[in-house]
Structure formats: C-alpha cells, structure tokens
Amino acid sequence: MNKAYNIVPIDKTKSPDKVVLLTFDDGPKEEATLKPLLDALDKHHAKAIFFVNGYRIKAHPELLKEIDARGQIIGNHSYDHIMLGKEKEPKIRDQIERVQSQVKELTGKTPEFFRPPFASSNDAVRNVSKENGLLFMTWSNGSLDWDLGKKVTNKPQAVIDNVMKQLHPGANILMHELPWTGEALDSLLTQLEAKGYSFVDPNTIEVNVK
Ligand SMILES: [Zn+2]
C-alpha cells in the first residue's frame with residue numbers, strides 16, 4: 001500500500017497492477033444487509049476487508065463470526081465510530097484496543113488493518129494504531145454509497161457509477177454495509193472483472209508497520 005492508500009505490487013514481475021481492494025465499513029449491522037455482500041464476494045472468489053465497530057460487534061457477535069467464517073478479513077474501525085482526530089490519547093487507545101480485544105476473543109485473530117471513521121485522525125491515532133500492529137488506511141475511491149440514503153431510485157446503479165468513474169489501478173474502494181450496496185455488488189464485481197481488474201486478497205498486503 002502506498003502513501004495515497006492505493007495498492008501497488010510488491011514485485012511487479014509477479015503481480016498485476018490492475019487490482020482493486022474492496023472494503024466495507026460500519027458493520028456488522030444485520031444479517032439482511034451483510035449476507036448479500038458475503039454472497040457476491042463468494043461468487044466472484046473475492047476477499048474484502050470489513051471495517052467493523054465495537055458497539056455493533058457487541059450487539060451482533062454472531063455476525064462478526066460469520067464474516068470471519070466466510071473467509072473475509074476483519075479490520076478495526078473504532079468502538080463508537082467517533083471523530084478520533086478530536087480526541088486525546090487515552091480515549092483513542094480505548095476506542096482502538098477494545099475492538100482489537102473483541103475481535104481476538106470472537107475469532108481468535110487480531111486485526112491488522114485500521115481505518116479511522118470519517119478519516120479523522122491525529123498523531124495519537126496514528127501512534128496507537130502503529131503500536132497495535134495496525135496498518136492505517138483511509139481510501140482512494142469513495143463509492144459515496146453512504147450518501148445515497150435520500151436518493152429514491154437507482155441507488156445500486158449510482159454505487160456502480162461512482163466506483164467506475166474513479167477507477168484506477170490499485171484503487172482502495174470504500175463501501176458500506178448498506179442494502180443498495182448489497183444489491184449492486186455482484187454487478188459491480190462483474191464490471192470490474194470485465195475491465196481486467198482482479199481483487200486483492202488483503203492477506204497478501206504487506207502490513208509494514210514501522
Ligand atoms: Zn465509518
């Protein structure tokens with residue numbers, strides 16, 4: 001991953017650069033919105049990072065386990081989905097480390113990826129993230145799916161159009177666990193494949209936290 005949060009090959013001779021990283025924030029919410037995402041990813045043999053919030057894990061631990069059981073990767077998106085950039089170190093540490101513990105307890109795995117809500121950050125956020133062995137990222141391709149709540153028609157198509165408009169090799173695509181994103185995903189992944197893109201397995205990303 002480079003400084004603009006794009007995915008670039010570690011060895012250019014071995015991996016294609018026409019790849020995208022798929023990410024889904026703000027879950028796990030409910031089975032009805034999660035399942036379409038997991039099913040579309042399975043259909044396309046794609047892996048994604050699910051950036052989860054602690055308060056949602058507390059409400060639905062079984063959904064967190066399901067994401068993991070389906071072979072998808074869990075990332076840390078803070079406990080309460082607050083603007084961490086406005087907080088001081090103790091609160092930031094609590095927000096990040098509580099999620100690390102929850103995920104470890106429920107899945108046996110400790111997250112390696114961190115995305116601050118609203119991309120709101122400061123030095124303490126970056127330091128605590130680093131101390132926990134987390135690779136910090138925001139995104140480079142925003143689907144704007146979070147902004148479609150008031151739109152009445154064609155929401156899935158809007159998600160696809162927004163992603164395709166910003167598409168570039170290595171794009172780090174931000175989506176959310178939302179109904180219209182679930183509806184759009186199968187078709188979106190088909191269109192990405194048709195353009196010659198493949199999906200980065202997050203397990204192959206170098207978590208080079210120094
Ligand atoms: Zn979020």
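**Exercise 1. Salt bridges across the chain**

Task: In this predicted model, determine how many salt bridges the structure holds, and work out which parts of the chain are linked by the pair K43 and D186.

Solution. Begin with the total, which is 12 salt bridges for the structure. Next, take the pair itself: the side chains of K43 and D186 meet in a salt bridge, with N and O 2.7 Å apart. Then place each partner on the chain, where K43 belongs to helix α1 (residues 31–43) and D186 to helix α7 (residues 179–194), so that distant parts of the chain, 143 residues apart, are linked by this pair. Finally, consider the surroundings of each side chain: K43 has a relative accessibility of 53% and therefore counts as exposed, whereas D186, at 25%, counts as partly exposed.

**Exercise 2. Two further pairs**

Task: For the salt bridge between K109 and D68, decide whether each partner is buried, partly exposed or exposed, and then establish how R93 and E89 are placed in helix α4.

Solution. The K109 and D68 side chains meet at 2.6 Å, N to O. K109 lies in the loop between α4 (89–107) and β4 (113–114), while D68 is part of helix α3 (residues 61–69), and the two, 41 residues apart, link distant parts of the chain. Because buried means under 20% relative accessible area, D68 at 17% falls in that class, whereas K109, with 47%, is partly exposed.

Turning to R93, its salt bridge is with E89, and the closest N and O atoms are 2.7 Å apart. These two residues are 4 residues apart in helix α4, which means that about one helical turn separates them. R93 has a relative accessible area of 22% and is partly exposed, and E89, at 32%, is partly exposed as well. There is also one network, in which salt bridges that share partners join K35, D39, D42, E66 and R70.

**Exercise 3. The zinc site**

Task: Identify the protein donors of the zinc ion and describe their spacing along the chain.

Solution. The protein donors are D26 through OD, H77 through NE2 and H81 through NE2, and they lie 2.1 Å from the zinc ion. Read along the chain, these donors follow the spacing D-x50-H-x3-H. As a last step, consider the accessibility of the two histidines: H77 and H81 are both buried.

**Exercise 4. A loop residue and its contacts**

Task: Locate Q72, decide whether Q72 is buried or exposed, and name residues that Q72 touches.

Solution. Q72 sits in the loop between α3 and β3 (73–76). Its relative accessibility is 4%, so Q72 counts as buried. Leaving aside residues up to four places away in sequence, the residues touched by Q72 include L38, L41, D42, F50 and I67.

**Exercise 5. The nonpolar cores**

Task: Work out which element gives the largest share of the largest nonpolar core, and explain why this core lies between two domains.

Solution. The largest nonpolar core has 39 residues, and those touching the most other members are V20, L22, F24, L41, F50, L185 and L192. Elements giving two or more residues to this core include β1 (19–27), α1, β2 (48–52) and α7, and the largest share, 6 residues, comes from α7. Because domain 1 (43–139) and domain 2 (151–166 + 178–202) both give residues to this core, it lies between them. V20 illustrates the contacts, since residues touched by V20 include I173, L192, Y197 and F199, not counting residues up to four places away in sequence. A second, separate core has 21 residues, among them L21, I49, I92 and I96.

Note on methods: Residues numbered from 1 in each chain as written. Predicted model: local features only at pLDDT ≥ 70, side-chain atom pairs only at ≥ 80, totals over all residues. Heavy atoms only, no water. Salt bridge = Lys/Arg side-chain N within 4 Å of Asp/Glu carboxyl O. Buried < 20%, exposed > 50% of the residue type's maximum accessible area, 1.4 Å probe, protein only. Donors = N, O, S within 2.8 Å, 3.2 Å for Na, K, Ca; no water. Contact = heavy atoms within 4.5 Å. Core = buried A, V, L, I, M, F, W, Y, C linked by side-chain atoms within 4.5 Å. Domains from an automatic or database assignment.
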